[in-house]
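Reader: Could you walk me through one part of this model at close range? I would love to hear about the strand pairing.

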Amino acid sequence: MVAVEKIGLRVSNALSNYGTIAILIGLTGIFAVAKPHEFLTVKNGFIMLQQIAPLGLVSLGVTFLLAMRYYDLSIGYVVSLSGVVATTLFGNGFSVFTGILTTIFLVGCLFGFVNGFIVTFLRVPPLVVTIGVGFICYGVIYIITGGKAVFYGIPEHFGYWGSGMVWFVPVPVIIVAVIFAACYVALEKSSLGRYMYAIGNNETTSSLSGVNVKLVKMLGFLLCSSFSCMAGILIASENMVGHTTAGERYLLLGLTAAFLGTSTFRKGEGNLWGTLLGVLILGIAYNGMTMVGVEYKWREVITGSILIVALAISSSKKGK
Amino acid sequence: MEQQNLLEVKNVSKYFPPVSALHNVCFDVVPGEVHGLIGENGAGKSTLVKILAGVYSKDSGTILLDGKEVTIDTPHEATSLGLTFIHQELFQVPYSTIGESLFFGRKYPRNRFGLIDWKSLRKQASDELSKFGVPKNLENQLISRTSMAYRYIAAIAKAISQQCRILFMDEPTASLSKDEADKLFEIIAELKKRGISIVYISHRLEEIFKICDRVTILRDGQLVGAHRISDINIETVIYSMLGESLRDKFPKEKIKIEREVLRVSGLKSRIVSETTFSLRRGEILGIIGLVGSGRTELMNLIFGLDKKTGGSVYIDGKEVANSSVRSAIRNGIGLVPEDRQGQGLVLNMEVKANITLANFFKYCFGRFGIINVSKETKRAEDYVDKLRIKVKDVRGKVAYLSGGNQQKVVIAKWIDTDSSILIFDEPTRGIDIGAKTEVYRLIVELAKKGAGIIFISSEIDEILGITDRFLVLYKGRIAGEFTPEDTSPDQVAIAMQLGRYGNGSGGKNRA
Amino acid sequence: MDSKTKSISAFLLREYSIVLAIIFVSIVFTTINPRFGRIYNILNVLQHASLLTILATGLTLVLILDEFDLSFAALSSSAVCLSVMIVQKSVPGFLAVVTALGVGLLVGIINGLLVARLNLQSFIATLGTATILTGVNYAVSEGKTIVVVGGLPSWFTFLGQEDFFKISYLIPIMLLVVIAVSILVKYTELGRNMYGVGGNKEACRVAGVSVGATQITAFALCGLLASFAGLLLASRLGGGHPLAGDKYLLQGFAAVFIGMTMRGGMPSIIGTFLGCILLSAIESGLTLVSVDYTYQYVVNGFIIVLFVTIAYVTRNRLLDRSRVSLLSLSE
């Protein structure tokens, strides 16, 4: 092979494997240069981490499904609904502890169960099911709130989860870090994760080898919805409001982060480090954009472009 | 009698780094001959063919047609040069009709608006197909609902209608019954008379010797020999293919057969009629039948994949429900499926992951617990050793292994479950001779260890070679039970074809 | 019933189940509120379905290819905003139309290129495109409805708002689109190639059919139809809203999936068409039955999920029946 071709191949291989990391570094670099004193500080770092904590949770949940080559398009609405339900429960006299637990059960587990059941047992494609369930979620939000945000009756210490600090580390960051570690163990080091990857790669073989495919799939959907639910509670805690549209951007953002993750580490598969990378990229992008003063309205454009660029760079070309 | 070479392949090489799939291979075809192309899996036969078909591009070498050099970069170019191909997978679109498949990728007949003229298309298709003695109206049948045999004929019809001069057939009889194969050979003889050359790729040596004029042998991507059929015999060919001579194709051992492990009584479903048979530990029970005779359906019932409508299954004397795959596995049944890659392996996962998949909890701490990576790796390496699986690292992806080694991985997976009943569905299909013998050896070993083996195959000599006793299935029921010592291949064939056996003794008539 | 009659009636039941569903739903709604059955309402349903049909027809092409397009809804919203903004500027009329269609075509081609040349998964790629488009829509319209001072010119709103003896112009347009695309799919080489690519990509490569070109064309057509629908939507609304077309995302997919119960489980134009009518009938039925606005979303979503589930469960049962070999567990 010609030398130039060989170099070209090496470059494209390198780009293909590490392109997304390059994007992360590149973005950090851009903002560091633009606002050297504000951006690259530890304080800002933690602010950024706190900002993306909910996104991190949502994306983690999606990653489990993605490993099985499934997806859930109801996550955005689940996030909103969770915040609304939690705050409404507080308004009705539930304590913080029971309120949170009930919300996770009522919203996260219930919707996860419904999604999982219809996709797993009735074998309907997840696309329509999760969009439809998301729609229903949206409707339920309206029924509960009548379109208004839920303000009152929220106990003071609920806000601890979203805006509290342990030393200088925001509480949400700690929560997400702990959960991330747990997810890592679950997905990479446990039988559950092994089964998920097996199902994602070849469901038929997995089933014929005795894997309890249905159970694992259900768990995947349950986890995804529950994580989105927790993210919603976190957001409500941070803002001390149950907003009806709090979670809408998380549908695209959560999927984008997780999909960004498939571009590296484990090519084409949902994986945790990749998701972490994706979440960080989005976090840095948003944090930086706010700092630099990019208008709100252009943010989504940039997010989508990042996704496409990352995927384009990392796509491998197969020769004849 | 020197004939002008129709096609000449000179020193063609193709590399899929780090492997060289083809290295300096030479190959030629004269008009009106049937030329066999043989070699083990991975020898390079398919690669050579795909290069000639315009699907792959060669890295070096020349291709000459009628003495003039040509380049084949796309399938269209190959077709326009008169080279047509029927690949092993047949490559037909499942939801289109047979008639449509004849025109797929070619010029459709058009009406005056420039739109496809279906009526004319159906007529033309019907005309082409009728030359082969097929049922009426075949051209309107959906591909997904048509038998492999007719699909094959459709592929041939398409090839001929495109003015082909050389027809390449890759493993044509893989999915055909003996009768259908014979019909195919008749068609090939016809084509030969018309001056069309056939390149016949197969690893079934009996067929090669039956219909070919010359034969080219590849091994490890290189040319090993090219001979006239009249000049050689099967043993030399095997020697060339393997590099070593092969006796004892079937390891025959006297195994102590013990008590009954499986009994099926009156088992039936929508497709399978009342079936009764039993299997004992240490026994190798064969099941043979034509495609569609109900072999796989019967095994589905036993393995928990289909619902039974009557009858019962007893394991070790106790009745079991077997309503799902998982319960079947729990009851000690294992299945090495027909579709190795699609149903037996997770190609994208590591070798060791595949080996441990069926019994994974053994490798974890606690129920839904953490993986014991070292235990997993060590056990996998043990199996690789014992089964002689050619792989450097058990952490490599199983997709990179050859067919035979992949099959061994699947077998390793089931050995790991300590199943007392193992079902092998066409375990040696698509595997080269060397690996086949290994698989036979493994099966015998498993029987020695006390498992009951059910061996499903469509190759008569295999069944006669390896089983202690076998059943012939016909249209969903058992047509007869035979022992290899007392049965001739013809009797088996008759039983398979007609559902009863002829005049000879040697079996218990169940019809 | 002997077995032959049984299988024929089973066949008929399966093939025309959507029609039966439409009839069933109509009967239910008419019983509750007789106004449902009136000609006026039937025309209303058809008109309501027309935009969805145009969108869903384009989507069907992509689904035939066994790919996804998540961007068509956002694209139609883009067409809405774009055309309204251009018309506002008193620029020659047809320029607005051409630009909107051109953008649709362009985005479609981009989607196709991402899938065909860069080998991206269509789900992710079109998700990215949809994100960008939604962002652009928001940015350009500042999140508010674009209201044109003095209203849009009448030639623009003509097709969307006028009617012809009470039959809205949208209805014949919809039928034209359905017929045209049906002809494309059944009677042209491109159409057959689409089924080929969706059915067996390897077969196409080996037969010399260009997989990439077919994919790009399908996505391009989907984009074109999406922007066409957007134009009509703008014409109908008389203004532009950045999220105008977004709600069609769910309904579009639902319609195609429901339509897959016909024609043996493959996406088909006629199936999609009937699916659109079914969905439209349900939605307008719910309004007529005075379901409270707050509950409409829930009920509508619930019914959509219900119908798609039923469609799939029956389809799965049929696939189970015709399967003779080892059970394939992927859908």
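Author: Happily! B:Val313 stands opposite B:Val320 in β15(B). Helices (H or I, at least four residues) and strands (E, at least two residues) are DSSP runs, numbered from the N terminus. Strand β14 (residues 310-315) of chain B is joined to β15(B) by 3 bridges, and the two run antiparallel; strands pair if DSSP finds at least two bridges between them. A word on the source: this is a predicted model, where local features need pLDDT of at least 70 and side-chain atom pairs count only at pLDDT 80 or more, while totals for chains, interfaces and linings use all residues. Residues are numbered from 1 along each chain as its sequence is written, with chains lettered from A and ligands numbered from 1 in the order in which they are written.

Now for the sheet around this pair. In chain B, an open sheet of 4 strands follows the order β12-β11-β14-β15, with antiparallel pairing. The edges are taken by β12 (275-280) and β15 (318-320) of chain B, each with a single partner strand, so one side of each has no neighbour in the sheet. On average, neighbouring strands of this sheet are turned by 20° against each other, direction ignored; such angles run from 0 to 180 degrees between N-to-C directions, with axes being lines fitted to C-alpha atoms, for helices over the stretch in contact.

For a helical counterpart, look at chain C. There the axes of α5 (residues 93-116) and α11 (residues 211-237) come within 7 Å and cross at roughly 150°. α5(C) and α11(C) are therefore roughly antiparallel (over 145 degrees; under 35 is roughly parallel, 65 to 115 roughly perpendicular, the rest oblique).
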